[in-house]
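Biologist: Could you take one part of this model and give me a close look at it? Start with the cross-linking, then work into the sheet and the helix packed on it, and keep the cut-offs explicit.

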Amino acid sequence: MEQAIKKKFGDDVFRKIEQRVDSLVLQGQGDREAFYPGGSDAIEQYLACNLNFPDELESMDIVPTVFVKVTIDTAGRAKEVSIVKSFNDKFDREALRVLTTMEGWEPAIENRIKKESAYGLQIRFDPRIKRKCKP
């Protein structure tokens, strides 16, 4: 199959495709998943500065964690946020509140076209996270 392709399009067809893909990736136009600029550190910073911690957290021996799924739209906004694994209603509501206000995502790209995509996060209500807030 490879020989037939090379015969039709030239011996260097695969090298040209690879170069084009590399070029698109460098320009930020290659296929990619949605991401938050700055990665997990920036997400943690955002959560540290925006999460409100329910009062009962002080009496807990564990760090409550809520697992969520966020749909990032083509404009980089959290369009839909849903609970994948709940902790309790109060913590779930706070996780949903914070993530629905989180803007500035870079949307997924497929075939040079922005597209909606799902992104999974775990929101840890760890009181130590507040120290990471740098206003």
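**The disulfide, the sheet and its helix**

Modeller: Counting a disulfide as a pair of cysteine sulfur atoms within 2.5 Å, the tally comes to one disulfide. The two partners are Cys-49 and Cys-133, and their sulfur atoms sit 2.1 Å apart. The link is right-handed, with 115° about the S-S bond. It joins distant parts of the chain: Cys-49 belongs to helix H3 (residues 39-50), Cys-133 to the segment after strand E5 (117-124), and 84 residues separate them. Those labels are DSSP runs numbered from the N terminus, where a helix is H or I with at least four residues and a strand is E with at least two. For accessibility I use relative accessible area with a 1.4 Å probe and protein chains only: buried is under 20%, exposed is over 50%, and partly exposed is in between. On that scale Cys-49 is partly exposed at 30%, and Cys-133 is partly exposed too, at 26%.

A word on trust before going further. This is a predicted model, so local features need a pLDDT of at least 70 and side-chain atom pairs count only at 80 or more, whereas totals for chains, interfaces and linings use all residues. Residues are numbered from 1 along each chain as its sequence is written, and side-chain values use heavy atoms, with hydrogens and water left out. The pLDDT itself is the predictor's confidence in each residue, from 0 to 100. The protein chain averages 85, and 89% of the residues score at least 70. Confidence is highest in strand E1 (residues 65-72), with a mean of 96, and lowest in helix H2 (residues 13-26), with a mean of 65. Where pLDDT is low, the predicted coordinates should not be read in detail.

Now the sheet. Three strands make up an open, antiparallel sheet in the order E2-E1-E5. E2 and E5 are the edge strands, each with a single partner, so one side of each has no neighbour in the sheet. On average, neighbouring strands here are turned by 25° against each other, direction ignored. Strands count as paired if DSSP finds at least two bridges between them, and the antiparallel pair E1 and E2 is joined by six bridges. To pick out one position, Phe-67 has Lys-85 in E2 as its bridge partner.

Helix H4 lies across E1, E2 and E5, running at about 155° to E2. That angle is taken between N-to-C directions, on a scale from 0 to 180 degrees, using axes fitted to C-alpha atoms, for helices over the stretch in contact. Val-81 in strand E2 (residues 78-85) is a handy place to see the packing. Taking contact as heavy atoms within 4.5 Å, and leaving aside neighbours within four places in sequence, Val-81 touches Val-68, Lys-69, Val-70, Leu-96, Leu-99 and Thr-100. Of these, Leu-99 is 18 residues from Val-81 in sequence, with a C-alpha to C-alpha distance of 7.1 Å. Val-81 is buried, at 18% relative accessibility.

On H4 itself (residues 89-100), look at Glu-94. This residue is buried, at 10% relative accessibility. Apart from residues up to four places away in sequence, Glu-94 is in contact with Asn-50, Leu-51, Asn-52 and Phe-125. Its side chain also meets that of Arg-97 in a salt bridge, at 2.6 Å from N to O. The rule for such a bridge is a side-chain nitrogen of Lys or Arg within 4 Å of a carboxyl oxygen of Asp or Glu. Glu-94 and Arg-97 are three residues apart in helix H4, which puts about one helical turn between them. Unlike buried Glu-94, Arg-97 is partly exposed, with a relative accessible area of 34%.

The whole structure has seven salt bridges. Another of them pairs Lys-79 with Glu-116, the closest N and O atoms being 2.7 Å apart. Lys-79 is in strand E2 and Glu-116 is in the loop between strand E4 (113-115) and E5, so the pair ties together parts 37 residues apart in sequence. Both ends are partly exposed: Lys-79 at 46% and Glu-116 at 38%. There is also a bridge between Arg-77 and Asp-73, with 3.2 Å between the closest N and O atoms. Here Arg-77 is partly exposed at 43%, while Asp-73 is buried at 9%.
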